[in-house]
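Trainee: I am new to this structure and would like a close look at a single part. Could you walk me through it and then link it to what lies elsewhere in the chain?

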Amino acid sequence: MSNNGPKTTVIRNGTLIDASGNPARRNDAIIIEGNRIRSVGPLPPDIIIDDRRNVAVIDAAGQWIMPGLIDAHCHMSYGYPMIKGEGKGKGTTRPEFSTLKSARSAQKVLRSGVTSISVPGGTWFTDVGVRDAIRLGLMEGPRMFVAGRMIVTYGCIEDDEPSWEGTPDHSIGKLCNTADEMVTEVRRQGKHGVNFIKMADSRSGESQMLAKEEIAAVVGEAHRRNLKVAIHSRGAGSTRAAAEAGVDWIVHADLATDRDLDAVAKAGMPILPTATFLAVVCDLGRQQKVGAEQVQLDFNRMQRHFDLLGELMHKARKLGIRLLVGTDTGNNSFTRHGELHAKELEIFVKHGGYTPMEAIVAATRDNAMAVGLDGQVGQIAAGQFADITVWTKDPIADITILQDTKNLAWVIKDGRIVDIYPREEMLTFQQAAE
Ligand SMILES: [Zn+2]
């Protein structure tokens, strides 16, 4: 974390995947000054690479250089990983502990090559605090772009208690049953520093729970306050309503009909399918590793959602809908931080018809909008924020290599080299969680 190191970092040699969409190519030098990329290409004459006091040199010969991954769907403060002695229920759930745990998880995320995350929902304002601690240099972690509690009505996902309980303070949902209540909640969350508002319709898209007018009220208030709006919407009606109300991105959209997707294409916002969580649930289901306590995760239903998302990926390409890449890491005990962030790229390739290069561009350049940095991060080009990863294997030849941190040689975030090697410590943390 020290700022006393060399002022300039040079990455020499290597195969460059710049995420502009251009093919991978050999590169001579990437020059990083401060937290930005100064140049890409030949080594500039004023850079003296033997000047070790002022210049740090990484030799990436035989390695692959690409932007840091962006996970557009990652939760930090849901209560995972579970830690012995720390329950999820009333009395043992508290923002102070949750914040510290989230801070540890954030470091695991960064050390896996993920330099930015978008956090669509969490408890209290935990994520705002962790985001700011990272931004202000108190600790290392990815760039974070965060929402607060999800705005829901009676019966939506995350409205889990009976009506006489409402949504307790430690819930990740916040009941707002009228447009006025929603607008007040947007103002409250904005006051506490969120970057975007997360709305959430029904869990599985079985019926539309949010009216178009309510979504539009939230969008109007949020945009006036310079906040983005994302919505959990699996259903057809809610997806169409969200498109027409002008949300910034739609999460899932798997039950949307072709006509609904036309409305999304016309309105021009991206969709964040998030198939990784479903893939993991289906895998665990096949292996019968998820027990009776997880019966709410109906495997057949999950497989159907997964298949629909594969179809959605193909349809989106035809309609010109941009897709964002996210995993839902941290939404459950089996979606561990630092492990699944690159899984979605594999799914885009194996089930969505993407080439590995297209998946990488989607998870870097295109995902930048989900962290509020469209055009500023996610590519390796002069002027971009210096968020860079170096891999020992070729992700174009095999997209799954990005899922194994053993293949990760270097992580640079905001121009600084990240120490990715306290792995024993990370293991201990994980074992303690089981
Ligand atoms: Zn989620």
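**A walk from helix to helix**

Mentor: Happy to! Let us start with one residue: A179 is partly exposed, with a relative accessible area of 26%. Keep in mind that this is a predicted model. A179 sits in helix 3, which covers residues 179–191. Setting aside residues up to four places away in sequence, A179 touches E214 and A217. Along the chain, A179 and A29 are 150 residues apart, and their C-alpha atoms are separated by 54 Å.

Now to the part I would like you to study closely, helix 5, made of residues 236–245. Which residues of helix 5 are buried? They are S238, T239, A241, A242, A243 and A245. These buried residues pack against two other helices and two strands, namely helix 4 (212–224), helix 6 (258–267), strand 14 (228–233) and strand 15 (249–252). Just after helix 5 comes G246, and its phi is positive, near 85°.

Helix 6 deserves a longer look. In general, two packed helices are described by the angle between their axes and the distance between the axes. Here, the axes of helix 5 and helix 6 come within 9 Å of each other and cross at roughly 20°. An angle under 35 degrees counts as roughly parallel, so helix 5 and helix 6 are roughly parallel to each other. Their crossing is left-handed. On the helix 5 side, the contact is made by A236, T239, R240 and A243, while helix 6 brings R259, D260, A263, V264 and A267. Sorted by class, the contact of helix 5 with helix 6 holds five nonpolar, one polar and three charged residues. Notice that T239 and A243 are on the list of buried residues of helix 5 and also take part in the contact with helix 6.

It helps to set another pair of helices beside this one. Helix 1 (residues 95–111) and helix 2 (residues 126–135) have axes that come within 9 Å and cross at roughly 45°. That angle makes helix 1 oblique to helix 2. The crossing of helix 1 and helix 2 is right-handed, whereas that of helix 5 and helix 6 is left-handed. In helix 1, P95, S98, T99, S102, A103 and A106 meet T126, D127, V130 and I134 of helix 2. This contact of helix 1 with helix 2 divides into five nonpolar, four polar and one charged residue.

Next, try finding H305 in helix 8, which spans residues 299–319. Is H305 buried or exposed? H305 has a relative accessible area of 4%, so it is buried. Leaving out its neighbours within four places in sequence, H305 is in contact with S204, R234, D254 and L278. H305 and L345 lie 40 residues apart in sequence, and the distance between their C-alpha atoms is 17 Å.

Let us finish at the metal. The zinc ion is coordinated by H73 through NE2, H75 through NE2 and D328 through OD, at 2.0 to 2.2 Å. Along the chain, the donors of the zinc ion follow the spacing H-x1-H-x252-D. Both histidines can be checked for burial as well: H73 counts as buried at 2% relative accessibility, and H75 is buried with a relative accessible area of 1%.

How values were computed: Residues numbered from 1 in each chain as written. Predicted model: local features only at pLDDT ≥ 70, side-chain atom pairs only at ≥ 80, totals over all residues. Heavy atoms only, no water. Axes fitted to C-alpha atoms, helices over the stretch in contact; angles between N-to-C directions. Helix = DSSP H or I, 4+ residues; strand = E, 2+ residues; numbered from the N terminus. Parallel < 35°, antiparallel > 145°, perpendicular 65-115°, else oblique. Left-handed = near helix turned anticlockwise from the far one by under 90°. Contact = heavy atoms within 4.5 Å. Nonpolar A, V, L, I, M, F, W, Y, C, P; charged D, E, K, R; others polar. Donors = N, O, S within 2.8 Å, 3.2 Å for Na, K, Ca; no water. Buried < 20%, exposed > 50% of the residue type's maximum accessible area, 1.4 Å probe, protein only.
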